[in-house]
Amino acid sequence: MTPQFHPCLVNGPFDDPAVYVDFLHERRALLFDLGDIRALSPRKILRITHIFISHTHIDHFIGFTQVLRLCLGREKTLHLFGPPDFIARVEHSLASFTWNLVGNYPTDFTVIASELHPDGTCGTVEFHCRSGFKREQERTERFADGIILEEDAFRIRTAFLDHKTVSLAFALEEKDHVNIMKNRLMELGLPTGPWLADLKRAIMRGEDDDKLFRVRCDVEAGMEERRFNLGELKAKILNIVPGQRIAYVTDAAHTKANAAKIVEIARKADFLFIEAVFLDAEQAQAGERYHLTAREAGLLARQAGVARVIPFHFSPRYRGMEEALLRELWQ
Ligand SMILES: [Zn+2]
Ligand SMILES: [Zn+2]
């Protein structure tokens with residue numbers, strides 16, 4: 001099956017971080033972190049609907065002004081997610097410009113900012129161009145199991161890491177593809193109809209295999225009700241293809257608590273983007289700066305059983321020595 005999501009680093013591993021996730025056959029994309037995005041074309045930036053920001057150290061948020069400049073004057077809504085105090089950061093960034101002439105723009109570019117707290121609350125505020133980007137529509141919601149966005153095809157999960165400030169890790173989890181094998185359905189004499197949609201929804205909800213389905217079938221004598229449990233239907237008529245997983249982990253100290261959360265959020269990912277800032281010889285310095293070394297990043301990737309690991313956020317001191325960082329990562 002053709003993958004639905006195509007992630008890539010916007011820059012080389014020494015530059016300010018951003019990972020662009022393009023959607024197949026949709027003019028849509030997501031972004032993890034908002035570092036230097038000058039390499040993205042305006043067309044690609046305008047496809048972005050949601051940006052997930054680990055924390056607001058300048059190397060992870062400097063791209064905000066560029067996005068703002070490009071989107072201004074367009075009918076567009078951009079939803080940003082970040083750690084505690086994020087709304088104030090967005091508000092102050094917006095307030096650093098003069099907005100006296102935007103009140104009667106024909107379009108209303110809107111920034112929605114959500115800040116996530118470790119207690120499971122999410123504060124959200126809207127900033128509309130036509131109101132001069134003043135704070136509006138304040139609300140607080142709750143989120144469970146780290147799930148901060150749920151759509152039909154995928155969800156986004158977060159984890160709170162310690163970087164002497166909160167740094168958010170993210171995972172994009174595509175939902176499983178549930179395909180009904182029509183030939184098997186016919187062989188078993190089962191009809192198509194709304195019950196198949198119920199069946200798909202039961203799978204999406206992760207219902208138990210003993211859940212019972214009653215199917216009304218046409219037989220010579222009239223109608224007959226046949227019963228199957230979910231496990232049987234999975235085996236007989238369904239082809240379930242697991243969805244993709246993409247994890248993004250950056251700016252985190254190598255503590256026990258962080259390591260456990262990183263392994264959990266990256267588990268079995270198809271792609272893990274992970275910082276590898278220092279060589280292991282500089283582990284003491286990595287600890288002081290609350291960053292991972294290449295060796296630590298590689299170990300975490302192996303513990304999580306990821307298929308591919310893409311390191312980034314190399315310290316500039318290693319320019320020309322990428323090989324050494326990569327060797328440690330793969331060791
Ligand atoms: Zn940082
Ligand atoms: Zn950083």
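This short talk describes a predicted model of one protein chain and its zinc site.

Let me begin with conventions. Residues are numbered from 1 along each chain as its sequence is written, while chains are lettered from A and ligands numbered from 1 in the order in which they are written. Because the model is predicted, local features need pLDDT of at least 70 and side-chain atom pairs count only at pLDDT 80 or more, whereas totals for chains, interfaces and linings use all residues; side-chain values use heavy atoms, with hydrogens and water left out.

First, the chain as a whole. The protein chain has eleven helices and 18 strands; helices (H or I, at least four residues) and strands (E, at least two) are DSSP runs, numbered from the N terminus. Its C-alpha atoms fill a box of roughly 80 × 60 × 35 Å along the principal axes. Of the 331 residues, 50% count as buried. Buried means under 20% relative accessible area, exposed means over 50%, and partly exposed lies in between, with a 1.4 Å probe and protein chains only. Among contacts (heavy atoms within 4.5 Å) between residues at least 6 apart in sequence, 60% join residues at least 24 apart.

I turn now to the metal. Which residues are the protein donors of the zinc ion (ligand 1)? They are H55 (NE2), H57 (ND1), H163 (NE2) and D251 (OD), at 2.2 to 2.3 Å from the ion. Donors are N, O and S atoms within 2.8 Å of the metal (3.2 Å for Na, K and Ca); water is not among the atoms, so sites may look incomplete. The angles among the four donor atoms run from 88 to 174 degrees, and the site is irregular. Four donors count as tetrahedral if all angles lie between 85 and 135 degrees; four count as square planar and six as octahedral if opposite donors are over 155 degrees apart and all others between 65 and 115; anything else is irregular.

D251 also bridges the zinc ion (ligand 1) and the zinc ion (ligand 2), which lie 3.5 Å apart. H57 lies in the loop between β4 (48–52) and α2 (58–61), and D251 in the loop between β16 (245–249) and α8 (256–266), so this pair ties together parts that are 194 residues apart in sequence. Are these two residues buried or partly exposed? H57 is partly exposed, with a relative accessible area of 36%, whereas D251 is buried at 1%.

The helix α8 has several buried residues, among them N258, I262 and V263. The buried residues of α8 pack against β10 (154–162), β11 (166–174), β16, β17 (271–275) and α10 (294–304). Just after α8, K268 takes a positive phi of about 55 degrees.

In helix α7 (residues 230–237), L230, L233 and I237 are buried. Seen down the axis of α7, its buried residues fall within an arc of 65 degrees, so they line one face of the helix; the arc is that of the directions from the helix axis to the C-beta atoms. At the start of α7, a side-chain oxygen of N229 reaches to within 3.1 Å of the backbone nitrogen of G231.

Finally, E126 is in strand β7 (residues 121–128) and counts as buried at 13% relative accessibility. Its side chain has polar contacts of 2.8 Å with that of H128 and of 3.2 Å with that of R139. A polar contact is a pair of N or O atoms within 3.5 Å; within protein, one must be able to donate a hydrogen and the other to accept it, and residues adjacent in sequence count only if both atoms are side-chain atoms.
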